[in-house]
Amino acid sequence: MKINNNYNNLKDNYLFATIAERVSAFRKSYPDKKLIRLGIGDVTLPLPKVAVTAAKKAADEMGDKATFRGYGEYRGYPFLQTAIASYYADKGVKLANDEIFVSDGAKSDAGNFLDIFDTANTVLIPDPVYPVYVDTNIMAGRKIVYIAGNEDNGFLPMPDSKIKADIIYICSPNNPTGAVYTKEGLKAWVDYANNRGAIILFDSAYEAFIRNDKLPQSIFQIEGARTCAVEIGSLSKTAGFTGTRCGYTIVPLELKVGDTSINKLWYRRQATKFNGVSYIVQRAAEAVFTKQGLAEAHANIDYYMENAKIICNALAQKGIWHTGGENSPYVWLKCPDGDSWKFFDRLLTEFNIVGTPGAGFGKNGERYFRLTAFGSREDVTEAVERLKKL
Ligand code: PLP
């Protein structure tokens with residue numbers, strides 16, 4: 001019997017587990033200190049009310065013989081696909097229902113989608129970025145090539161024709177840097193992928209935070225993307241679904257490798273390995289895409305973005321280099337004293353603030369630090385007061 005030996009190539013701990021351990025050790029030593037958490041990227045505001053009402057109604061339906069439902073559709077219920085298609089139509093993107101696969105979230109699909117690709121493919125991953133892309137590919141034993149995001153390129157690495165990659169992850173707005181590709185930037189990636197016959201896995205988990213309407217919220221707003229890209233979306237940050245779980249993956253019908261339809265292959269994979277999202281949650285998700293649902297979701301996002309502004313203003317006053325926070329809930333700052341884990345410890349012990357060391361997102365994050373805007377206004381205001389002493 002042999003285990004999947006690739007797991008031995010992973011770092012011992014998932015980034016946020018390491019942070020949790022350090023925070024818990026601090027708590028044990030100083031139980032009376034009030035910690036402010038601007039670290040983990042979890043939302044704090046509740047679901048839009050219309051989503052809760054829809055979920056309750058759906059729960060009642062499930063308890064009534066006349067409206068009870070068993071196993072759902074493999075791609076998700078048509079009512080939710082239609083709601084997602086209309087959300088995209090408002091962005092100028094036309095989608096067929098069969099191109100929309102409802103999922104339990106972007107993290108799962110960012111990893112699961114790899115199932116349909118050979119492990120001999122080379123993966124291109126920007127650095128720094130959401131660690132799940134790296135870890136899932138290490139688990140599969142794939143060769144990973146990193147492409148550097150840094151201050152010079154605004155943390156938006158561009159394609160390099162010398163790099164021979166088959167699968168490309170793009171996260172825009174980026175976690176952790178908050179950087180967002182322009183249409184021209186994404187077009188360059190689409191051209192690179194189409195020229196190489198590579199596939200882009202575009203993670204749009206934070207698209208709802210984009211405030212500048214010139215910036216693309218979907219890769220399918222870019223000409224040529226339908227033949228080279230898959231988009232992975234989520235309601236987690238858009239509408240507070242981190243604990244409710246719903247996302248979607250868009251796989252265009254035109255997307256092919258040789259003669260093989262990627263849409264068909266993904267359908268086959270999902271039908272075999274995925275049980276779908278519960279009817280109740282899909283009804284709640286459908287409600288998010290109504291006018292009222294989007295208004296409530298956007299009001300929550302506005303609240304977070306005001307937090308981001310408060311954090312950015314405080315950093316500016318201290319003369320600390322930072323970026324992000326304008327079209328993303330993440331503020332990315334340069335550690336005043338270099339090393340990001342050292343800065344993490346200093347913030348924790350001196351200021352009782354929990355942030356996320358950039359090193360956890362890749363080599364290029366080593367001298368940077370991520371603060372998130374997902375906290376309460378009171379916490380953010382207090383954190384900023386504390387930071388004045390930095
Ligand atoms: N993609 C990115 C870039 C993220 O930062 C996160 C969560 O932090 C996710 C995906 C996870 O989304 P979900 O909750 O839908 O799995």
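In which loop does Pro 176 lie? Pro 176 belongs to the loop between E5 and H6.

The model is predicted: local features need pLDDT of at least 70, side-chain atom pairs count only at pLDDT 80 or more, and totals for chains, interfaces and linings use all residues. Residues are numbered from 1 along each chain as its sequence is written, and side-chain values use heavy atoms, with hydrogens and water left out.

**View 1. Two cis peptide bonds precede Pro 173 and Pro 176.** The bond from Ser 172 to Pro 173 is cis, with omega near 0 degrees. Pro 173 is placed in the loop between strand E5 (167-171) and helix H6 (183-196). The bond from Asn 175 to Pro 176 is also cis, with omega near 20 degrees. Helices (H or I, at least four residues) and strands (E, at least two) are DSSP runs, numbered from the N terminus.

**View 2. The ligand is surrounded by 14 residues.** A residue is counted here if one of its heavy atoms lies within 4 Å of the ligand. The closest are Asn 175, Asp 203, Tyr 206, Ser 234 and Ser 236. By residue type, the shell divides into 6 nonpolar, 4 polar and 4 charged. In this division Ala, Val, Leu, Ile, Met, Phe, Trp, Tyr, Cys and Pro count as nonpolar, Asp, Glu, Lys and Arg as charged, and the others, Gly among them, as polar.

**View 3. Ligand oxygen atoms lie by Tyr 206, Ser 236 and Lys 107.** An N or O atom in the side chain of Tyr 206 is 2.6 Å from an oxygen atom of the ligand. A polar side-chain atom of Ser 236 is 2.6 Å from a ligand oxygen atom. For Lys 107, a polar backbone atom is 2.8 Å from an oxygen atom of the ligand. The ligand taken alone exposes 390 Å², of which the protein buries 91%; accessible areas come from the Shrake-Rupley method with a 1.4 Å probe, and for residues only the protein chains shown count as cover. Helix H4 (106-112) and helix H7 (236-239) are the elements that give two or more residues to the shell.

**View 4. Tyr 206 and Tyr 330 form an edge-to-face aromatic pair.** Rings of Phe, Tyr and Trp (its six-membered ring) pair if their centres lie within 6.5 Å; planes under 30 degrees apart count as stacked, over 60 as edge-to-face and the rest as tilted. The centres of Tyr 206 and Tyr 330 are 5.1 Å apart, with 70 degrees between the planes. Tyr 206 is in the loop between strand E6 (199-203) and strand E7 (229-234), and Tyr 330 is in strand E12 (residues 330-334), 124 residues apart. Tyr 206 is buried (under 20% relative accessible area; exposed is over 50%, partly exposed in between; 1.4 Å probe, protein chains only), at 6%. Tyr 330 is buried at 1%. Ring pairs link both residues with Phe 209, Tyr 303, Tyr 304 and Phe 374 into a cluster.

**View 5. Cys 312 and Cys 335 are not bonded to each other.** The whole structure has 0 disulfides (pairs of cysteine sulfur atoms within 2.5 Å). The sulfur of Cys 312 is 15 Å from the closest cysteine sulfur, in Cys 335, which is too far for a bond. Cys 312 is buried, with a relative accessible area of 11%, and Cys 335 is buried at 6%.

Key
A polar contact is a pair of N or O atoms within 3.5 Å; within protein, one must be able to donate a hydrogen and the other to accept it, and residues adjacent in sequence count only if both atoms are side-chain atoms.
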